[in-house]
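Here's a quick tour of the model you have open, sorted by topic so you can click along. We'll start where the chains meet and work outwards from there.

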Amino acid sequence: MNKLGKLDDVDVVIVGLGAGGGPAAKVLSEAGYKVVGFDKGPWLRHEEHYSGDELKFQNRSYLWPDVKLMPRTVRSDVNSKARIFNFSPVPANVGGGTSHMAGWTPRPRPSDFIFRSLHGDLHGASLADWPYRYEHLEPYLTKVEWEYGISGLTGAEKGAGFRSKPYPSAPLPPTRFGKAFYDACKKLGINAHPLPMSHITKDNSLGREAKNRTSFWNQYGDPTATRSSVATTFIPDAIKTGNFEVRANSFVKEVIVDDQGVAKGVIYVDADGVEFRQGARVVILALGAIESARMMLLSKSRRFPDGLANDSGLVGKNATFHEYIFAVGIFDKDFTDPLYGFTGNYQSGGSMDFYETDENRGHIGGGIIATTQIGQPINMIMPGKPSWGQAGKDSDRDFFNYSMKIGFILQDMPQETNRVDLDPDVKDMWGLPVARITNKPHINDTAMSRWQINKNVEILEAAGAIRTMPVYLGDEFTGNACHQQGSVRMGVDSRKSVLNEWGQAHSAENVFVLDGAGFPTAMGVNPTLTIMAHSWRCADYIAKIYLKGRTERTVLEPLKSLERA
Amino acid sequence: MISKSEWEIVPLSIDPDSTKKMFFTDHEWETIEAAAERIIPTDHDPGAKEARVIVFIDRYLSGIDYVYAAADGSGFLRMSGRDATAARVSNEIFKAMYREGVKELDKIAQEFGFKNFKESSAGTQDKILEKLSGKPKPERIRFDVHEVYYSRLQGNTDQDKTFFETLCLHVRQGFYCDPVYGGNKDHIGWKVIGFPGPKSLKDTIDGTYTTDPYFVHDVSWPELLLDFKGVAVCKVSCATEGGVCCGKFGIES
């Protein structure tokens, strides 16, 4: 056995240095607190480790965890045996998902925060309002857009919530397939616009250089700092204060809790397998909604025999994952100009026109759509593409530059039965039980998938596609969006939620969960911007209120009118 | 343990014209090369043979020295720790899969009354591959059919696939990969489909390689969008100087 080394206590430990941990590290260290941040993965440097190598990043998973080392298991219901599957993989390194993601960073809509008030109860789902509203988050959305660096076209999204400042960077010009998408949308009366993205362009107010125009983007690390990533923004900001230390390759095994339910710090294993105890006044979990729930379930104590702060039994339940689904259109090269589907920083135009509920569609809620890259040559996306022979070669040659895709972020409804728990059989490389995901789409998810993908097909046809291939949500989620929400629900009622509006555990007041785990509903936008803004808001509370020995509640005004767009 | 961030760059390079075998026997090399030729055939454009897909596959199967090119293409990363252990386990699986796979191809050839796979005619080789895959040889994409599909995980690792699926994927990878891995010789694969691609990995790091010419530059947002009057970009930058944005961002049309 390794001896347990003890280190000097700090004010705050943060477990997980991705979209959730990054802003918290910045805010708390800038406020003068001593902070240590853990990541189980390495600290890769963009200028040293990244390049436009399709095989390395897309096929040989340089950034994604090896499923043999950090497996997850998945099953569709409690009666099935879970199988090992790389469900919702996110890079295990400092920066987390922000180091590889395409980086759609649209804002949520005001309606996202009052989803249950708008829709009432949905059979089989566990809809809930958030314990705060859009207006509470707006200042932090703005902070992130400016401090992290988001490009967008201010004023182009019709029906968006209030914003206090424009975007700090202009968007990229459209790609050829982007232009085809805009033209088709215009023809159909759809309000399309460049989507906000977590990269900057040369036209920006942040003084940053935008150098990467290689179009090696989604799932690639960016060798320049054109992409905004936690590892190139918030982490360096935090380090600059002298109050923040990164401990990479350090796996946190559990949160230590005393008999009163107060967290005392964490136990972690360093790269050489040596165990340490790191004491702290505040423990922040930001591992992503799957691993944060798992960490709480692994942290059993006398006060919390079912896992940290799990009095309600809700830890791990109501998880949502989104699903990335799409339709592809192919075009006749003799009659159309090339679309160059390999270009751009993944997306090149989208729409929020299908975001708000319209019950004529046969489902509630909605999500964001966008036209996205077909990809680079090895992994060109064409469902049903002939896999070998002359037909395979012909389809590559005929359609690589003559196809386009319109994707959709499917907003799945929270269900108590869609959950994360500990797998009874499978262990990770540290010998601890892995996260087991149980999930089955709600009927609303399936209906939304059908309706929206058929709409995407209609847009492709308006753009001139000669054949379309729709890709719907199947019988299970695959976690292919790499989005994770809901598993450690926030709410005002401690019987129906685990966390309050500050991401603070109802029953363990010095434990905060600052990633998407707290989000009671999935939203129809990519969660990263919201995760960062939420983390910033909660970290502000920790720094200015909680660590000063005070408490404050978010006031929720009664909802005056519940108009739907 | 050496962290992934500290993996050393070994100055190895792969000569695509090499006939030196690091994993395959002569017979296996010739068999897999012949199969690759059927998977991406040579027509009026080059195919798997000319792209030296066989060298790509041989080097990949040889061990874990050629898994990850260094970011700038100056060599390959020496993996360590648990990542290396996991990669070795995968490599052993692939080695056994290819050894068995070649035997299977020859066995099917013999069932068809031929000596082996590599010396059979192209037509027979196609039939053998059909038998191996359990499906008819794919036909050209048609425009008059409607098929639906269901979502799957992004990315395309070579884990948990059959020999035939693995072979098709590896041939494809060898045809379109960065040439540093031994395939896609002289960017042959990229030229066939019209992908410009970088001259080298180094060009993807320092701004040399750009896809900017493939974007649309001659339209404005108000022309392109349904209902948008001007481009709003903050030209004032008051907020970066610690103030509150004045809101007077420039309107360009």
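Let's kick off with a strand pairing that crosses between chains: S16(A) and strand S3 (residues 149–150) of chain B pair in the parallel sense over two bridges. If you want a spot to zoom in on, Tyr472(A) has Tyr150(B) in S3(B) as its bridge partner. Keep in mind that this is a predicted model.

**Where chain A meets chain B**

- On the chain A side, 97 residues are in contact with 81 residues of chain B.
- Several elements of chain A each put at least two residues into the side that touches chain B, including helix H2 (46–49), helix H6 (176–188), strand S10 (323–330) and strand S16 (467–472).
- Which element of chain A gives the largest share of that side? That would be H9(A), with nine residues.
- Sorted by class, the side of chain A that touches chain B has 44 nonpolar, 30 polar and 23 charged residues.

**Two domains in chain A**

- The domain assignment cuts chain A into domain 1 (1–151 + 221–320 + 416–436 + 482–565) and domain 2 (166–195 + 323–410 + 440–476).
- Between the C-alpha centres of domain 1 and domain 2 of chain A you'll find 30 Å.
- Their contact draws 27 residues from domain 1 of chain A and 27 residues from domain 2 of chain A.
- On the domain 1 side of that contact, helix H3 (54–59), helix H4 (115–119) and helix H5 (134–149) of chain A each supply at least two residues.
- H3(A) gives the most to that side of domain 1, with four residues.
- The class split for the side of domain 1 of chain A that touches domain 2 is 11 nonpolar, 11 polar and five charged residues.

**A four-strand sheet and helix H8 in chain A**

- Chain A has an open sheet of four strands in the order S4-S3-S15-S14, with mixed pairing.
- Strand S4 (83–84) and S14 of chain A sit at the edges with a single partner strand each, so one side of each is left without a neighbour in the sheet.
- Strand S3 (residues 73–75) of chain A runs antiparallel to S4(A), and two bridges join them; Thr73(A) has Ile84(A) in S4(A) as its bridge partner.
- H8(A) packs on this sheet, touching S14 and S15 of chain A, and its direction makes about 70 degrees with that of S14(A).
- Is helix H8 (residues 289–298) of chain A largely enclosed or largely open? Nine of its 10 residues are buried, so the rest of the structure largely encloses it.
- The buried residues of H8(A) include Glu291(A) and Arg294(A), alongside Ile290(A), Met295(A) and Leu297(A).
- Those buried residues pack against several strands of chain A, among them strand S1 (5–15), strand S7 (251–257) and strand S18 (508–513).

**Chain B at a glance**

- Chain B comes with nine helices and five strands, in the sequence pattern β-α-α-α-β-α-α-β-α-α-α-α-β-β.
- Of its 253 residues, 37% count as buried.
- Take the contacts in chain B between residues at least 6 apart in sequence: 57% of them join residues at least 24 apart.

**Glu130(B) up close**

- Glu130(B) lies in helix H5 (residues 122–133) of chain B.
- Glu130(B) has 17 other C-beta atoms within 10 Å, so it counts as partly exposed.
- Leaving out residues up to four places away in sequence, Glu130(B) touches Lys135(B), Pro136(B) and Lys137(B).
- From Glu130(B) to Cys177(B) is 47 residues in sequence and 26 Å in space, C-alpha to C-alpha.

Conventions:
Residues numbered from 1 in each chain as written. Chains lettered and ligands numbered in written order. Predicted model: local features only at pLDDT ≥ 70, side-chain atom pairs only at ≥ 80, totals over all residues. Buried ≥ 20, exposed ≤ 12 C-beta atoms within 10 Å, placed from the backbone. Contact = placed C-beta atoms within 7 Å. Domains from an automatic or database assignment. Nonpolar A, V, L, I, M, F, W, Y, C, P; charged D, E, K, R; others polar. Pairing = 2+ DSSP bridges. Axes fitted to C-alpha atoms, helices over the stretch in contact; angles between N-to-C directions.
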